[in-house]
Amino acid sequence: MKLLKLFFKIIIVLIFLLGIVFGIAYFNQDIVATIAFDHSIDKAITKVEQKVPGLSLNYEENSTDFGIRSGVVNWTLDMDKLPSFLKGVSGATNVKIDFENIEQKQVRGSFESVDYVGTIGSIFSEFGLPNFHYEGTFEASYAENKVNGFVEARTNGFTLTSPEGRCVIGGMRLYSQLLSMNKVKTDLYFDGINCKGSLTYNGKPNVVSHLQDIKLSFISHIKEKNFFDKKKLSFSSFLFDFSTIYAIGFEPNANVRDKSLRDSFSIENFESDFDFVKRENGFKDVLFDGKFIVKVAMPSVKDNTNQIPFIADNAKLNFELKSLHFDYLKNALKASDLVPALLNAITNNFVFNLKEASFYTNNSKTSIQGYLDINLNKVDLKQSKVNSLFDINIGKGLFEALPKSYTLDMKNAVEDKRFNETKTSYQTTIKVINNKILLNNESFSEKDLDKNLKEDTFDEYEE
């Protein structure tokens, strides 16, 4: 996130400078505009370097045609926030600015990376990646006493190969538009990732996965603490499909009953709004509101025949989480003693507010909503207080997509008064009051849990 914030600070400053360039050009007109640009470029570079500490720029002019300026910007980025392998990364960018439409209140330009100049190419080579190439256009215009501008950039895609498989990484496109001198709207498009495993089970790759048509949109405020605002994330499809035989550990040529067995999980038409609200001492609240479609098939293929998946249609997930410390959470993943590290990543008063988690199956709605409030004693966990309330509504149409045993289990739960039955659904509440658990307003203890869990075996798959 810090790198992303740095990148967009550079973009915002560049668009701001486009406005300055346009002002110089418009009020000086024609050839005077290019002369004014020549005298202002050093000041503009200094302005960018001041806004982005650790960034060094050097402009070398290549041509001075009438109404056009072109040159190369050599850059070096050296700052503490960068990963160690990117410290002192450098490169060069060709830049062209066209003042010929200045009478129409417009300045245009383009830029393109200079391949194999600086260290950025060698860094990508060390990771087995092709040369990183980017290019784009920008424009500044003047209308109704307001300067407008945009930057559009594109990067190349590439392919990663390893003994485990092959992934095709798509290209990216960025479009940033100046809304005011402090506000920029950005849309980032990513073609996606398509991966296939190197092993073959029953004529198909052991693993197939893809994430396609990703779009990230947000508003940037360069002068405000909440730098990113109104964030939106969407993608058209995520798929994870794999050989069941491979997942349980059999070799491709193993003697099994059904070599065609596969499982799959997918999310389609994903759209979400999310935000991170800053609190004290580096903690942040997480806000999320999304909708999507989920398809699960276990198995997805059996006896070489595609199976009908379980579909959670029109799924919605809306929640607030207060509060997390993401730096501590990242450190917890590396910690040898996981529990204390995770406790440091949450506040003493930790709240999870589930506004809605719902989906439709066979035109029947299933939903959960409620909250979890933990007053945490990190010294003595036994003294922590837990309060929660969750309302659960399970649509009867859901059981039409599940094995019959689930319907029998639900009938038993109704007889035991753990659930209430209505015409269209089964309903219950789960409450925790001062650490005491209530299920449908009846006391519930660990003795009520099913202790007859069977160990998983793979005997059913073998010949």
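User: Before I look at this model, what does it mean to say that two residues are in contact?

Analyst: Contact means that heavy atoms of the two residues lie within 4.5 Å. In this structure, which is a predicted model, we can apply that idea to contacts between residues at least 6 apart in sequence, and of these 55% join residues at least 24 apart.

User: How many helices and strands should I look for in the protein, and what share of its residues is buried?

Analyst: You should find seven helices and 25 strands. Of the 463 residues, 40% are buried, a word that stands for a relative accessible area under 20%. The accessible surface of the protein comes to about 27300 Å², and carbon and sulfur atoms account for 53% of that area.

User: Where do I find the largest nonpolar core, and which residues have the most contacts inside it?

Analyst: The general idea is that in soluble globular proteins nonpolar side chains tend to be buried together. Here the largest nonpolar core has 28 residues, and those with the most contacts inside it are I267, F270, F292, F319, L321, L324 and F350. Among the elements that give two or more residues to this core are β10, β15 (262-278), β16 (284-302) and β19 (346-361), while the largest share, five residues, comes from β18. To follow one member outwards, take F350, which, leaving aside its neighbours within four places in sequence, is in contact with L321, K322, S323, L324, L372, D373 and I374. Apart from this core lies another, of 20 residues, which includes L77, F111, I123 and A153.

User: Which cysteines form a disulfide, and how far apart are their sulfur atoms?

Analyst: A disulfide is recognised from a pair of cysteine sulfur atoms within 2.5 Å. The structure holds one disulfide, formed by C167 and C195 with their sulfur atoms 2.0 Å apart. The link is right-handed, with 115° about the S-S bond. This pair joins distant parts of the chain, since C167 sits in strand β8 (residues 165-169) and C195 in strand β10 (residues 183-197), 28 residues apart. C195 has a relative accessible area of 19%, and therefore counts as buried.

User: Is S209 buried or exposed, and which residues is S209 in contact with?

Analyst: S209, found in strand β13, counts as buried because its relative accessibility is 18%. Leaving aside neighbours within four places in sequence, S209 is in contact with I193, N194, C195, F238, L239 and F240, so that the list includes the disulfide cysteine C195. A polar atom of the side chain of S209 also lies 3.1 Å from the backbone oxygen of L239.

Note on methods: Residues numbered from 1 in each chain as written. Predicted model: local features only at pLDDT ≥ 70, side-chain atom pairs only at ≥ 80, totals over all residues. Heavy atoms only, no water. Helix = DSSP H or I, 4+ residues; strand = E, 2+ residues; numbered from the N terminus. Buried < 20%, exposed > 50% of the residue type's maximum accessible area, 1.4 Å probe, protein only. Areas by Shrake-Rupley, 256 points an atom, 1.4 Å probe, with all protein chains shown as cover. Core = buried A, V, L, I, M, F, W, Y, C linked by side-chain atoms within 4.5 Å. Polar contact = N/O pair within 3.5 Å; in protein donor to acceptor, adjacent residues only side chain to side chain.
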